[in-house]
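Hi everyone, thanks for coming. I have one structure to walk you through today, so let's put it up on the screen.

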Amino acid sequence: MRTKIKIKKHTPLTDKELLRFNKHILLDDIDVEGQALLKEKHVVLIGLGGLGSPIAYYLASSGIGQITLVDDDTIDVTNLQRQILYSMDDLDKKKVDIAKIKMQKLNSDMKINAISERLASNSDVNYLHDVDLIIDATDNFKTRSLINKISLDNRIPLIMGAAIQFSGQIIVFRNDLTDQPCYNCLYENVSESNACVDSGVFAALTGVVGSMQASECIKILLDIGERLESRLLTIDLKNNDFRIIKLNKDKQCKVCDDK
Ligand SMILES: [Zn+2]
């Protein structure tokens, strides 16, 4: 007969889950209760490119209960150098559809909602009502600004990542809390023309940054350790230079000043 371990407050893990997530459960910071908590979490991942690929894989393999994927793009041969979710067989197919299939193969117990659309100011974001965290894995300032606003409006923490050439950035915006800096506090004066979407990108950089975003996601959901909350991690992979810059709220910020 199937046995289940009793866990206070959370849905018990099954025998299969106890085995599957054994190496998480052996970590004191996660344990059985933390793993059961992950099963109840809902994360939105916007962008399924170079950053979104490792994020999607690690969230699926880590046992997050539900994920909503948002992306309107199709798979191009030039994506394959860094977008490790996809292969030659997937060319011209929608990224959300292939991502869902690959993630479901990895973790069939995970609930995956695939939304094939480019996020816009008039997008229906009703799915955010029970979302615990938003991960931004997009590649342009306009969409990032919009995600920041949606995150503030719905008071949901936001993990943002960027990767260009050999340089990466990761930061957590606690837009669910007051008196914390938002994306606009950091980048108000950066124009769309500065977005380097057509520049080269070192393939492994997107793996490093995306994996860090997945790591920060799980740490926030389980309240583990020091996170990059209101702290910008800059990565220069070419020279192995890693720095953390503390951010302060811009009292003049037009986006979060009334939040
Ligand atoms: Zn702000």
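I'll start with the whole chain, move on to the sheet and the core, and end with a helix and a few loop residues.

One thing to keep in mind throughout: this is a predicted model. Every value I quote is computed from it.

So, the overall picture. The chain has eight helices and eight strands. Its C-alpha trace spans about 60 × 45 × 40 Å along the principal axes. How does the radius of gyration fit with a compact globule of 259 residues? Such a globule would come out near 18 Å, and the chain has 18 Å, so the two agree. Of those 259 residues, 38% are buried. I also like this number: take the contacts between residues at least 6 apart in sequence, and 68% of them join residues at least 24 apart.

Now please find the sheet. Eight strands make up an open sheet, and reading across you go β3-β2-β1-β4-β5-β6-β7-β8, with mixed pairing. At the edges stand β3 and β8, each with a single partner strand, so each has one side without a neighbour in the sheet. From one strand to the next, the twist averages 15°. As a quick reminder, strands of a sheet pair through backbone hydrogen bonds, either parallel or antiparallel. We have examples of both here.

Let's take the parallel part first, around β4, which covers residues 133-136. On one side, β1 (residues 42-46) runs parallel to β4, joined by four bridges. Ile 46 is the residue that stands opposite Asp 136 there. β4 also pairs in the parallel sense with β5, residues 158-164, over three bridges. In that pair, Asp 136 is opposite Met 160, and Ile 134 has Leu 158 as its bridge partner.

Are the faces of β4 covered or open? Both are covered: Leu 133 and Ile 135 are buried on one side, and Ile 134 and Asp 136 are buried on the other. That split follows a familiar pattern, since side chains in a regular strand alternate between the two faces of the sheet.

Further along, the pairing is antiparallel. Strand β6 (residues 167-173) is joined to β7 (residues 231-236) by four bridges, and Ile 170 has Leu 233 as its partner in β7. Then β7 runs antiparallel to β8 with six bridges, and Leu 232 stands opposite Ile 245. The β7 and β8 hairpin has four residues between its strands, and Asn 240 takes a positive phi near 55° in that hairpin.

On to the core. In soluble globular proteins, nonpolar side chains tend to be buried together. Here, the largest nonpolar core holds 59 residues, and those touching the most other members are Val 43, Leu 45, Ala 56, Leu 59, Ile 135 and Cys 217. Which helix gives the most to this core? That would be α8, residues 203-222, with eight residues. If you want one residue to zoom in on, try Leu 59: leaving out residues up to four places away in sequence, Leu 59 touches Val 43, Ile 64, Ile 67, Ala 214 and Cys 217.

Next, helix α5, residues 95-106. Its twelve residues reach 16 Å from first C-alpha to last, close to the 16 Å expected. The buried residues in α5 are Lys 95, Val 96, Ile 98, Ala 99, Lys 100 and Met 103. Yes, you heard two lysines in that list, Lys 95 and Lys 100. What covers these buried positions? The cover includes α4 (52-62), β2 (66-70) and β3 (111-115).

Last stop, two loop residues with positive phi that are not glycine. Asp 92 sits in the loop between β2 and α5, with phi near 75°. Asp 92 has 8 C-beta neighbours inside 10 Å, so it counts as exposed. Arg 155 is in the loop between α6 (141-154) and β5, and its phi is near 50°. With 13 other C-beta atoms within 10 Å, Arg 155 is partly exposed.

That's my tour. Happy to rotate the model to any of these spots if you'd like another look.

Notes: Residues numbered from 1 in each chain as written. Predicted model: local features only at pLDDT ≥ 70, side-chain atom pairs only at ≥ 80, totals over all residues. Expected span 1.5 Å × (residues − 1). Buried ≥ 20, exposed ≤ 12 C-beta atoms within 10 Å, placed from the backbone. Contact = placed C-beta atoms within 7 Å. Rg over C-alpha atoms; globule rule 2.2 N^0.38 Å. Pairing = 2+ DSSP bridges. Axes fitted to C-alpha atoms, helices over the stretch in contact; angles between N-to-C directions. Core = buried A, V, L, I, M, F, W, Y, C linked by C-beta atoms within 7 Å.
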